[in-house]
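Me: I'd like to go through this one with you piece by piece. Could you start with what I need to know before we talk about how the chains touch?

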Protein chains: 2
Amino acid sequence: MPDTLKGNLIVGQSGGPTAVINASLAGVVQEALKHSEIGSVYGMLHGIEGVLKEELIDLGKESPDTIELLKQTPSAALGSCRHKLTDKDYDRILTVLKAHGIRYFMYIGGNDSADTTARISRLAQETGYELRAMGIPKTIDNDLAFTDHCPGYGSVARFVAEAVRGAGLDTEAIGVVDTVKVIEMMGRNAGWITAAAALARIDGDPDTAPHLIYVPERRIVMDKLLDDVQKVYDRLGYCVIALCEGARGEDGDLLSATGGALYTDSFGHKQLGGAADYLCRVIADRLKLKARFDKPGTIQRMMQSQQSPVDVEEAYTVGATAVQKAVAGTSGYMVTLVRQSNDPYRWTTGLARLEDVANAERLMPDEFLNAEGNNVTQAFLDYARPLIGPPLPPVARLKKYMVAKKA
Amino acid sequence: MPDTLKGNLIVGQSGGPTAVINASLAGVVQEALKHSEIGSVYGMLHGIEGVLKEELIDLGKESPDTIELLKQTPSAALGSCRHKLTDKDYDRILTVLKAHGIRYFMYIGGNDSADTTARISRLAQETGYELRAMGIPKTIDNDLAFTDHCPGYGSVARFVAEAVRGAGLDTEAIGVVDTVKVIEMMGRNAGWITAAAALARIDGDPDTAPHLIYVPERRIVMDKLLDDVQKVYDRLGYCVIALCEGARGEDGDLLSATGGALYTDSFGHKQLGGAADYLCRVIADRLKLKARFDKPGTIQRMMQSQQSPVDVEEAYTVGATAVQKAVAGTSGYMVTLVRQSNDPYRWTTGLARLEDVANAERLMPDEFLNAEGNNVTQAFLDYARPLIGPPLPPVARLKKYMVAKKA
């Protein structure tokens with residue numbers, strides 16, 4: 001048993017906000033307040049920048065109702081940051097932590113945050129300052145290694161599934177006017193978010209939206225894509241495409257960059273276009289089909305009513321668990337999610353070394369993507385389905401009993 | 001009392017789908033099945049095109065559960081259309097209606113649909129065929145005259161309010177990186193949808209998103225807009241803008257067209273850009289602030305979980321009422337929504353002549369827009385608030401008790 005470590009705790013949020021990163025914050029705060037080893041519970045304003053600037057707040061003084069309400073509040077209530085730290089910064093961080101008697105360091109974020117936390121942990125150890133530093137996973141991108149999935153993903157997946165289902169119903173109804181709909185999802189290198197669109201299909205029917213899914217893990221051959229679209233159109237009269245903003249063409253260039261290269265502004269500068277915007281123009285130009293795009297942007301990660309209850313519970317638990325583990329003596333680890341069974345869905349937490357998490361990125365594995373590179377597999381659907389919480393609400397499908405013609 | 005009119009009923013959906021146009025369909029079908037005067041209940045596939053092609057379905061054969069489920073199913077289950085009718089088309093329509101013994105004609109749509117329904121009604125009368133034709137209002141744009149508001153608007157308003165609230169929380173958290181967020185809402189001439197963003201403000205605090213609102217009813221003076229943005233940024237460190245896709249500059253040109261004029265594609269053709277895309281580029285260029293846009297597109301009108309319960313109930317009721325009125329002898333009218341009181345919100349239905357509805361467009365009145373042209377008034381908030389159903393769920397706001405500096 002490690003010695004009991006008495007001291008204050010600090011928690012911060014880093015990187016892009018999610019629908020549930022505040023649930024992890026609630027988990028940290030509510031758990032920390034239970035432990036007599038922990039004195040004050042501080043929050044960093046705007047992540048590690050708050051430590052550098054010594055802008056700390058006392059979370060213990062917030063009303064318990066406010067902390068409870070964090071569970072259902074999207075975005076990062078402490079403020080977030082994207083900050084590349086220098087060696088000098090790390091010295092300053094340790095100075096601030098020591099000045100405030102902080103012995104517990106909790107950082108909610110992705111692999112950059114894991115790296116930051118690992119370095120702070122190492123530096124504290126090297127200088128003989130006992131500090132227990134833990135990482136708490138967070139990213140809508142779902143690209144952290146050593147964890148089955150990432151808090152934040154289930155909720156963005158739920159949004160994407162419902163949005164694409166709606167777009168499918170919409171385009172089916174008015175496809176005579178707006179024939180092709182492209183929905184651009186977030187994701188620079190990994191297609192996890194875009195792939196979740198497949199959960200939109202009504203009763204799993206592959207003829208319901210999305211008909212085609214393109215992720216960065218598979219290069220897009222434009223002639224093949226156009227052929228795919230034409231075939232769906234010929235069969236159904238409309239087509240809905242889920243496209244990752246990070247999708248790349250045959251040459252490995254981002255579609256958005258390719259689109260950009262088409263454009264020159266009035267000053268003669270080449271401008272980047274969005275991937276979906278570009279794809280719509282190619283489809284209109286080559287297939288002569290009217291194509292429109294939706295780009296939900298940050299809305300996809302931030303819709304309060306699209307929180308997945310599973311995601312909220314997991315996000316809360318990884319926060320609370322990080323505190324429990326640190327109090328019990330663990331340091332230098334990130335709490336992970338471990339899937340125990342799929343049906344019924346059961347999970348528990350595990351641990352991964354921060355250094356390992358920091359240096360890895362998990363793209364979609366081959367078994368989750370079809371050979372043609374335009375769809376996901378059943379294995380992916382089985383993986384993603386439990387993470388969005390309850391199934392999407394049912395929708396009516398008319399049988400359409402035709403009336404015999406008389407006129 | 002008019003004579004009892006026995007015959008079949010037909011119902012169709014027209015124009016852009018909404019989150020609740022199927023609730024109106026459910027209202028028509030369930031009400032029609034109650035009346036012994038009405039024989040079969042038919043649906044037009046893809047609106048009036050279904051009549052022209054004689055593609056009719058027998059809605060009475062659908063399961064009652066399916067009809068009930070229509071209430072919570074976004075989009076247009078019968079399929080929609082945008083069809084300009086010729087004189088010859090009207091003759092054909094009457095031929096088909098007569099061939100199928102149709103005496104009740106129910107058309108769910110906007111002012112084009114009101115025009116179509118009015119003409120069919122007139123032609124039937126001129127040719128001595130007794131037909132009771134009723135319009136049922138539908139448009140997310142909320143721009144029909146003679147009705148307090150339009151079914152479909154409350155749900156898109158709810159989506160917009162929640163999306164902009166999320167975008168505000170997101171930008172507040174990560175504004176150090178992505179400083180200005182522009183959210184582009186639908187609306188060609190009327191700013192109703194964009195204005196609903198104002199319902200996002202947390203506890204009505206004008207320092208929460210949206211900070212600025214630009215609608216087509218007020219021309220944008222770009223220097224003034226940039227000054228507005230700079231001031232918000234100086235005060236808060238970030239800025240969220242609700243922008244209508246139909247926003248126009250001082251010269252009266254669409255921002256999107258102005259944006260387009262900046263661009264020339266590789267074939268030398270000028271390309272239209274989106275309004276938000278363009279505005280982001282201007283802000284980045286002139287204010288040197290990083291600006292990103294979200295363009296939810298058709299997602300905003302089609303999100304199942306964003307249905308406003310008030311909107312669903314009203315949409316259902318205008319459908320059912322149209323049938324009741326027709327059975328009772330009314331023809332050539334659209335059912336309207338009449339507000340009786342605001343707090344508590346109470347409403348009833350009324351009637352407007354289809355000809356009157358067909359030829360009017362209701363833009364936002366002056367009392368709903370502030371003098372500066374960058375915000376809505378309290379009068380608008382009072383008007384729009386009841387239409388989204390329950391208030392948005394609460395969100396946590398930390399008090400942020402600062403810890404005294406020590407390092």
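Reply: Two residues are in contact here if their C-beta atoms, placed from the backbone, lie within 7 Å. Please also keep in mind that this is a predicted model.

Me: OK, so how many residues does the contact take from chain B and from chain A?

Reply: On that criterion the contact takes 69 residues from chain B and 69 residues from chain A. On the chain B side, the elements that each supply at least two residues include strand E3 (56-58), helix H4 (87-99) and helix H6 (153-174), and the largest share, eight residues, comes from H6(B).

Me: And which classes of residue are on that side of chain B?

Reply: The side of chain B that touches chain A has 35 nonpolar, 19 polar and 15 charged residues.

Me: What rotation superposes chain B on chain A?

Reply: A rotation of 180 degrees, with 0.0 Å of shift along its axis, brings chain B onto chain A at an RMSD of 0.0 Å, and that is the relation of a two-fold axis. The same surface serves both copies, in that 100% of the contact residues of chain B recur in chain A.

Me: Switching to a single chain, which domains is chain A divided into?

Reply: Chain A is divided into domain 1, covering 7-151 + 307-358, and domain 2, covering 156-304 + 366-387. The C-alpha centres of these two domains of chain A lie 34 Å apart, and 18 residues of domain 1 are in contact with 14 residues of domain 2. By class, the domain 1 side of that contact in chain A has six nonpolar, nine polar and three charged residues.

Me: Let's look at strand E1 of chain A: which strands does it pair with?

Reply: E1(A), residues 7-13, pairs in the parallel sense with strand E2 (residues 38-44) of chain A over four bridges, and it also pairs in the parallel sense with strand E4 (residues 102-109) of chain A over six bridges. If you want residue pairs to look for, A:Val11 has A:Gly43 in E2(A) as its bridge partner, while A:Leu9 stands opposite A:Tyr104 in E4(A). Six of the seven residues of E1(A) are buried, and together with helix H1 (residues 21-32) of chain A and E2(A) this strand makes a right-handed β-α-β unit.

Me: What about strand E6 of chain B, and why is it largely enclosed?

Reply: E6(B), residues 180-185, is largely enclosed by the rest of the structure because six of its six residues are buried. In a regular strand the side chains alternate between the two faces of the sheet. Both faces of E6(B) are covered, with B:Val180, B:Val182 and B:Glu184 buried on one side and B:Lys181, B:Ile183 and B:Met185 buried on the other.

Me: And which strands flank it in the pairing?

Reply: E6(B) runs parallel to strand E8 (residues 239-244) of chain B, joined by six bridges, with B:Lys181 opposite B:Val240. E6(B) also pairs in the parallel sense with E11(B) over four bridges, where B:Val180 has B:Ala291 as its bridge partner.

Me: Last one: is A:Glu126 buried or exposed?

Reply: A:Glu126, which has its place in helix H5 (residues 111-126) of chain A, is exposed, because 9 other C-beta atoms lie within 10 Å and a residue counts as exposed at 12 or fewer.

Definitions and conventions:
Residues are numbered from 1 along each chain as its sequence is written. Chains are lettered from A and ligands numbered from 1 in the order in which they are written. This is a predicted model: local features need pLDDT of at least 70, side-chain atom pairs count only at pLDDT 80 or more; totals for chains, interfaces and linings use all residues. A residue is buried if 20 or more other C-beta atoms lie within 10 Å of its own, exposed if 12 or fewer, and partly exposed in between; C-beta atoms are placed from the backbone. Two strands pair if DSSP finds at least two bridges between them. A crossover is right-handed if, with the strands pointing away from the viewer, the path from the first strand over the helix to the second runs clockwise. Copies are superposed by least squares on the C-alpha atoms of residues with pLDDT of at least 70 in both. Domain bounds come from an automatic or database domain assignment. Ala, Val, Leu, Ile, Met, Phe, Trp, Tyr, Cys and Pro count as nonpolar, Asp, Glu, Lys and Arg as charged, and the others, Gly among them, as polar.
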